[in-house]
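Hi,

Here is the structure I promised to pass on. Have a look first, and my notes on what turned up follow below.

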Amino acid sequence: MKVNRRTLLRLIAPPLLLPAVTFRTGAAEPSDALFIVVDGIGPTTPADHLLAFVAPFLETGIPIGLIAEMAAWSTPALADVLGQILAEAPDRVEPVLALPGLERLPRYFQRRGTSDAIQQMRGAADASGRSPLPSPMTIVTEASPPANFDALRCLGIRNVLTLGTSQAVSSTGCAERTVCLRGGTQMTVAEVADPAAWIGSALAAPGWMLIALSLAGIETLPEPEVRSRAARISAAIGRDLGAGRRF
């Protein structure tokens, strides 16, 4: 199905698409969506680096999705930081489940695999003694059209992301009860010394945009540099949103 803006907002507004920046008075209503996700979070990601990277986005009020490998939830220090971020900022951070290969499974096993992943995430959070985590509404997996993940709706899953297929972002070719977003562009944060310029170039193109900020290799940077790069990225995104071109 082809999803228009109003339908998409109704489906996935809380919390991934909450307004991030106040638009200037009298500005035209923005017509293009911007999605920001942080991926490359695995068992070797330093917990303090993850916290340092996410902090500027929380401070500037830019909503993000966190894509953590399921193995990351089995790493106590990392699971504790993930739980802390999600519990303290449920209106700004959404957990996104990484479930590779889900498309190839029958519906029953799609539902079972997703349910097991949700329970693993919640179990890790419960072990830390924090508040209950927000229930995930989004997964990331392969989803070549036509795709059908409607069996996951009963678990609260409304959105399916397929990253890296093309820079253009589309929402067609999915079944009736889920929204499949395909496409986007990725920055490996550890490899980009001037992330603000990279963001500015990526956002120069019109249309919907999904930016995946990969933390692969982030352990090679000192923690202050991680935070500095995140601050420059969030400031560049904030300027684009503040200009009223995207929501």
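The largest pocket is lined by ten-odd familiar names you can click through: Asp39, Gly40, Ile41, Ile67, Ala68, Glu69, Ala98, Val140, Leu163 and Gln186. Two elements, β1 and β2, each give two or more residues to that lining, and β1 has the largest share, with three. The space in this pocket comes to about 150 Å³. Please keep in mind that this is a predicted model.

There are also enclosed spaces. The structure holds two cavities of 30 Å³ or more. The second largest cavity has a volume of about 50 Å³, and its lining is made up of Leu66, Ala68, Met70, Trp73, Leu82, Leu86, Pro95, Val96, Leu97 and Met121. Here β2, α3 and β3 (93–98) are the elements that give two or more residues. With three residues, β3 gives the most to this lining. If you compare the two lists, Ala68 turns up in the lining of the largest pocket and again in that of the second largest cavity.

Now for the helices. Helix α2 covers residues 47–60, so 14 residues in the numbering of its DSSP run, and it reaches 21 Å from its first C-alpha to its last, close to the 20 Å expected at 1.5 Å a residue. Where does α2 bend? The bend is at Val54, by about 30°, and a proline, Pro56, follows within four residues. Both Val54 and Pro56 are buried, as are Ala47, His49, Leu50, Ala52, Phe53, Ala55 and Phe57. What covers these buried residues includes β1 (34–41), β2 (64–68), α3 (76–88), β8 (209–214) and α6 (223–242). After α2 comes Gly61, which has a positive phi, near 75°. For context, most residues other than glycine have a negative phi.

One of the elements covering α2 is α3. Its 13 residues should span 18 Å at 1.5 Å a residue, and because its end C-alpha atoms are 18 Å apart, the two values agree. The buried residues of α3 are Leu78, Ala79, Val81, Leu82, Gly83, Gln84, Ile85 and Leu86. Of these, Leu82 and Leu86 are also in the lining of the second largest cavity. Since an α-helix has 3.6 residues a turn, residues three or four places apart point the same way.

Back to β3 for a moment: Val93 sits in this strand. Is Val93 buried or exposed? Its relative accessible area is 0%, and buried means under 20%, so Val93 counts as buried. Val93 and Phe57 of α2 are 36 residues apart in sequence, but their C-alpha atoms lie 9.3 Å apart in space.

You'll probably want to know about the cysteines, too. How many disulfides does the structure hold? There is one, and it joins Cys174 to Cys180, with 2.2 Å from S to S. Cys174 and Cys180 are both buried. Cys154, on the other hand, has a relative accessibility of 58%, and since exposed means over 50%, Cys154 counts as exposed.

One last thing to look at is the backbone at Pro146, which is in the loop between β4 (138–140) and β5 (159–162). The peptide bond from Pro145 to Pro146 is cis, with omega near -5°. In general, most peptide bonds are trans.

Cheers

Conventions:
Residues numbered from 1 in each chain as written. Predicted model: local features only at pLDDT ≥ 70, side-chain atom pairs only at ≥ 80, totals over all residues. Heavy atoms only, no water. Expected span 1.5 Å × (residues − 1). Bend = angle between axes of the 7 residues up to and from the residue. Buried < 20%, exposed > 50% of the residue type's maximum accessible area, 1.4 Å probe, protein only. Contact = heavy atoms within 4.5 Å. Disulfide = S-S within 2.5 Å. 1 Å grid on protein atoms, 1.4 Å probe; cavity = no way out; pocket = protein on both sides within 12 Å on 5 of 7 lines; lining within 4 Å. Points joined across faces, edges and corners; volume = space filled by probe spheres on them.
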